[in-house]
Amino acid sequence: MTRVVRIPVLNDNYVWLFEYAPGLAAAIDPAVAEPVLAAAKAEGLRITHILNTHWHPDHVGGNSALKAETGCTIIGSRREAAKIPGIDTEVDEGDTVVLGDHSATVLFVGAHTAGHIAYHFPAANALFPGDTLFAMGCGRLFEGTAQDMFTALGKLKALPPQTKVYCAHEYTLSNARFAITVEPGNSDLADRLAAVEIARRMGEATVPFTIGDELATNPFVRAGTVGELAERRSAKDAF
Ligand code: ZN
Ligand code: FE
């Protein structure tokens, strides 16, 4: 069984440690270094790799210090290589990242940033989508269009429904409150909103979730057309 350790950092970021072999881990989107090193130590893990999904500082901010401390290999998007500190290996759509007995397929999901990628580990049933897919939400369109996000979410929602999604932010409650305004009659969504309100009141994380959860409740995943997605994204930006 693969262990995935959640490390809450900054306001609402999650950094993940993916244990791909006993005692060895990849850090996904380390916003900062110190809490990640501390968590690795507490969990008995050595960080051998960093996987970055995109160039934003709250995803790559810990790269240099972690590399200096551990000598880890940094993997990131070829299209954003110039903006990813310490990058060693550049990847793009269809590439494979091999970590021990695990391998990740790289999915190009540019929209939130132009070169955004996601990592899918089929054997571990795990997806790291960075800021592309959130619980009941999606990333803001900083560098891409609604069409780009529609295409990106199309790739992610085609993954097996039981796939666990380890996104990079705890945005779930605000996303759920918006989502219910889009689909007030969706009972799965109403149930999920209620569960998320309780979890957040108790200070619990709501990530990971599954692709199946999103197919049932995420208004961006459920948008039938680019226009519908665009309309929902603008409405959420103003929500
Ligand atoms: Zn971002
Ligand atoms: Fe972010």
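Let me start with a definition: helices and strands here are DSSP runs numbered from the N terminus, with helices being H or I of at least four residues and strands E of at least two. With that in hand, Asp29 sits in the loop between β3 (24-28) and α1 (34-43). We'll come back to Asp29.

Okay, housekeeping. This is a predicted model, so local features need pLDDT of at least 70 and side-chain atom pairs count only at pLDDT 80 or more, while totals for chains, interfaces and linings use all residues. Residues are numbered from 1 along each chain as its sequence is written, chains are lettered from A and ligands numbered from 1 in the order in which they are written, and side-chain values use heavy atoms, with hydrogens and water left out.

The overall picture, then. The protein chain has eight helices and 14 strands. Its C-alpha atoms fill a box of roughly 50 × 40 × 30 Å along the principal axes. A compact globule of 239 residues would have a radius of gyration near 18 Å, and the protein chain, at 17 Å, agrees with that; the radius is taken over C-alpha atoms, and the globule rule is 2.2 Å times the number of residues to the power 0.38. Buried residues account for 52% of the 239, where buried means under 20% relative accessible area, exposed over 50%, and partly exposed in between, with a 1.4 Å probe and protein chains only. About 9800 Å² of the protein chain is exposed, and carbon and sulfur atoms supply 53% of it. Those areas come from the Shrake-Rupley method with a 1.4 Å probe, and for residues only the protein chains shown count as cover. Now contacts, meaning heavy atoms within 4.5 Å: of those between residues at least 6 apart in sequence, 58% join residues at least 24 apart.

Right, the metals. Which residues hold the zinc ion (ligand 1)? His54 (NE2), His56 (ND1), His112 (NE2) and Asp131 (OD) coordinate the zinc ion, at 2.2 to 2.3 Å. Donors are N, O and S atoms within 2.8 Å of the metal (3.2 Å for Na, K and Ca), and water is not among the atoms, so sites may look incomplete. The spacing of those zinc donors in sequence is H-x1-H-x55-H-x18-D. Two of them link distant parts of the chain: His56 is in the loop between β4 (46-51) and α2 (57-60), and His112 is in the loop between β8 (102-108) and β9 (117-121), 56 residues apart. His56 and His112 are both buried.

Next door, the iron ion (ligand 2) is coordinated by Asp58 (OD), His59 (NE2), Asp131 (OD) and His169 (NE2), at 2.1 to 2.4 Å. You'll have spotted the shared residue: Asp131 bridges the iron ion and the zinc ion, which lie 3.1 Å apart. His59 lies in helix α2 and Asp131 in the loop between β10 (126-128) and β11 (133-134), so this pair ties together parts 72 residues apart in sequence.

What about geometry? The zinc site has angles of 85 to 173 degrees among its four donor atoms and is irregular; the iron site, at 86 to 167 degrees, is irregular too. The rule is that four donors count as tetrahedral if all angles lie between 85 and 135 degrees; four count as square planar and six as octahedral if opposite donors are over 155 degrees apart and all others between 65 and 115; anything else is irregular.

Let's zoom in on His59. His59 is buried, with a relative accessible area of 0%. Its side chain makes a polar contact of 3.2 Å with the side chain of Asp58. A polar contact is a pair of N or O atoms within 3.5 Å; within protein, one must be able to donate a hydrogen and the other to accept it, and residues adjacent in sequence count only if both atoms are side-chain atoms. Beyond four places in sequence, His59 touches ten residues' worth of surroundings, including Asn13, Asp29, His54, Asp131 and His169.And there is Asp29 again. Asp29 has a positive phi of about 50 degrees although it is not a glycine, and Asp29 is buried, with a relative accessible area of 2%. Asn125 is another non-glycine residue with a positive phi, near 65 degrees, but Asn125 is partly exposed, at 24% relative accessible area.

One last backbone detail: the peptide bond from Val207 to Pro208 is cis, with omega near 5 degrees. Pro208 is in the loop between α6 (187-201) and β14 (209-210).
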